[in-house]
Number of protein chains: 2
Amino acid sequence: MRGDSRLSRMLHVLLHMARHNTPFTSEQIAKMLGTNPVVVRRTMAGLREAGFVSSERGRGGGWSFVSDPTTITLLDVHRSVGATDVIALGSGDSDPACGVERVVNHALAEATGEAEAILLRRLGEVTLAELSTQLDAICKAEGWDDQHAPHQG
Amino acid sequence: MRGDSRLSRMLHVLLHMARHNTPFTSEQIAKMLGTNPVVVRRTMAGLREAGFVSSERGRGGGWSFVSDPTTITLLDVHRSVGATDVIALGSGDSDPACGVERVVNHALAEATGEAEAILLRRLGEVTLAELSTQLDAICKAEGWDDQHAPHQG
DNA sequence: AGATTCGTAACTTACGATGTTACGATATTC
DNA sequence: GAATATCGTAACATCGTAAGTTACGAATCT
């Protein structure tokens, strides 16, 4: 897999957490995502700042979902993990004297701007609650219990 | 500037070349782009394979535009430079057993897929000839001759 | 006090685009 | 045919970002 996996990972975690009452430790989440507890804390710090989760230290501590899944969109999560530019097509100088560069920059900005706008709009249209509903359908169709579904990734 | 600048740079070069008859050396192009002749050759090799330009070795050699600007779209150039995924939002495992991951992957693929489709469509709708026409307008409005316009970038 | 768990700094690794050096191949000029 | 100009390409270095790792301090519970 290439690029930034933070959004994907955090959605994964949030979906699980929104369906359980007990806190998850960074260790557990790291196993769930196939990564390291420090990476989990680092990434989830953004979710905490956004108010989506809380963390408690010490024995019995861990991460808890403390918000309303119907109000959190994928865009909210995307922003909370501190993602930068999603579209990697750079234009050159931002204030070019060269007319050629100005024409090129403008054409590229048109295309990438619209694509990025669409992406953010789509992310903003989907809530965690909607994903959870989709998950219900899968669990039911395959006779799964979310708690015991396999977790290779 | 962040990300991949190859498309931007190659459009810059192609626009210049399409308006002149003499070949450009890698050295000249490198100065134009603020980079290195080797980078120019490396990137323009893709344009040559696509049939948009040709290169000649030895004294008096260099790069020449050998195609029709009305038939080359920005998408053609984008593809010829060997660009990979433009949208950097990765999903996790491509064939996950975990239902949560399947739901997340699907939601992200929907959003990024549509954004990428829009981007490619837009790039495919603009030809080099159209950019050249826009450039004519700028040159005329500002009393420029393309040959002598400044080239800081 | 001891165990658990998060917070965070510091360092390393991985990867792709870019930059640089070096040298060989080819074409022109004299 | 020697000198020069120019591309072709390999090899290596640099840079930015996400990710992985180690280490240790802070907080909380038993």
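**Two chains and two DNA strands**

Let's start with one contact. In the side chain of A:R57, an N or O atom is 3.3 Å from a sugar or linking oxygen of DNA strand C. One caution before we go on: this is a predicted model.

Stay with strand C. What does A:R42 reach with a polar side-chain atom? A base nitrogen of DNA strand C, 3.4 Å away. Now the other chain. B:T35 has a polar side-chain atom 2.6 Å from a phosphate oxygen of DNA strand C. So far, then, we have a sugar or linking oxygen for A:R57, a base nitrogen for A:R42, and a phosphate oxygen for B:T35.

Which elements give two or more residues to the surface near DNA strand C? From chain A, they are α3, β1 (53–56) and β2 (62–65). From chain B, they are α1 (6–18) and α3. The most comes from α3(A), with 4 residues.

Let's step back to the whole surroundings of strand C. There are 27 residues around DNA strand C. The closest are A:S26, A:R48, A:S55, B:S5 and B:T35. By class, the surface near DNA strand C holds 12 charged, 10 polar and 5 nonpolar residues. And on the DNA side? Take the atoms of DNA strand C within 4 Å of the protein: sugar or phosphate accounts for 61%, and bases for the rest.

Next, strand D. How many residues surround DNA strand D? The count is 29. Here the closest are A:S5, A:T35, B:S26, B:R48 and B:S55. The classes are 13 charged, 11 polar and 5 nonpolar residues on the surface near DNA strand D. Of the strand D atoms within 4 Å of the protein, 59% are in sugar or phosphate, and the rest are in bases.

Three phosphate contacts are worth finding on the screen. A:T35 puts a polar side-chain atom 2.7 Å from a phosphate oxygen of DNA strand D. For B:S55, a side-chain N or O atom is 2.8 Å from a phosphate oxygen of that strand. For A:R9, the distance from a side-chain N or O atom to a phosphate oxygen of strand D is 3.1 Å. Which elements supply two or more residues here? In chain A, α1 and α3 (37–49) do. In chain B, α3 (37–49), β1 (53–56) and β2 (62–65) do. The largest share of the surface near DNA strand D is from α3(B), at 4 residues.

Now the protein contact. Chain A puts 53 residues into it, and chain B puts in 53 residues. In general, the size of an interface is often given as the accessible area lost when the parts come together. Between chain A and chain B, about 4,500 Å² is buried. Carbon and sulfur atoms give 69% of that area. Three residues, A:L89, A:V100 and A:V103, supply 13% of what chain A buries against chain B, more than any other three residues.

What about charges? The rule finds 2 salt bridges across the interface of chain A and chain B. One of them joins the side chains of A:R122 and B:E114, at 2.4 Å from N to O. Polar contacts between the chains come to 8 residue pairs, with both residues at pLDDT 80 or more.

On chain A, α1 (6–18), α4 (74–80), α5 (99–125) and α6 (128–142) each supply at least two residues to the side that touches chain B. Of these, α5(A) gives the most, with 18 residues. That side of chain A divides into 26 nonpolar, 18 polar and 9 charged residues.

Last point: how do the copies relate? Chain A superposes on chain B by a rotation of 180°, with 0.0 Å of shift along the axis and an RMSD of 0.1 Å. The two copies are therefore related as by a two-fold rotation axis. Both copies use the same surface: 100% of the contact residues of chain A recur in chain B.

Notes:
Residues numbered from 1 in each chain as written. Chains lettered and ligands numbered in written order. Predicted model: local features only at pLDDT ≥ 70, side-chain atom pairs only at ≥ 80, totals over all residues. Heavy atoms only, no water. Contact = heavy atoms within 4.5 Å. Buried area = accessible area lost by both parts, 1.4 Å probe. Salt bridge = Lys/Arg side-chain N within 4 Å of Asp/Glu carboxyl O. Polar contact = N/O pair within 3.5 Å; in protein donor to acceptor, adjacent residues only side chain to side chain. Nonpolar A, V, L, I, M, F, W, Y, C, P; charged D, E, K, R; others polar. Near = heavy atom within 4 Å. Least-squares fit on C-alpha atoms with pLDDT ≥ 70 in both.
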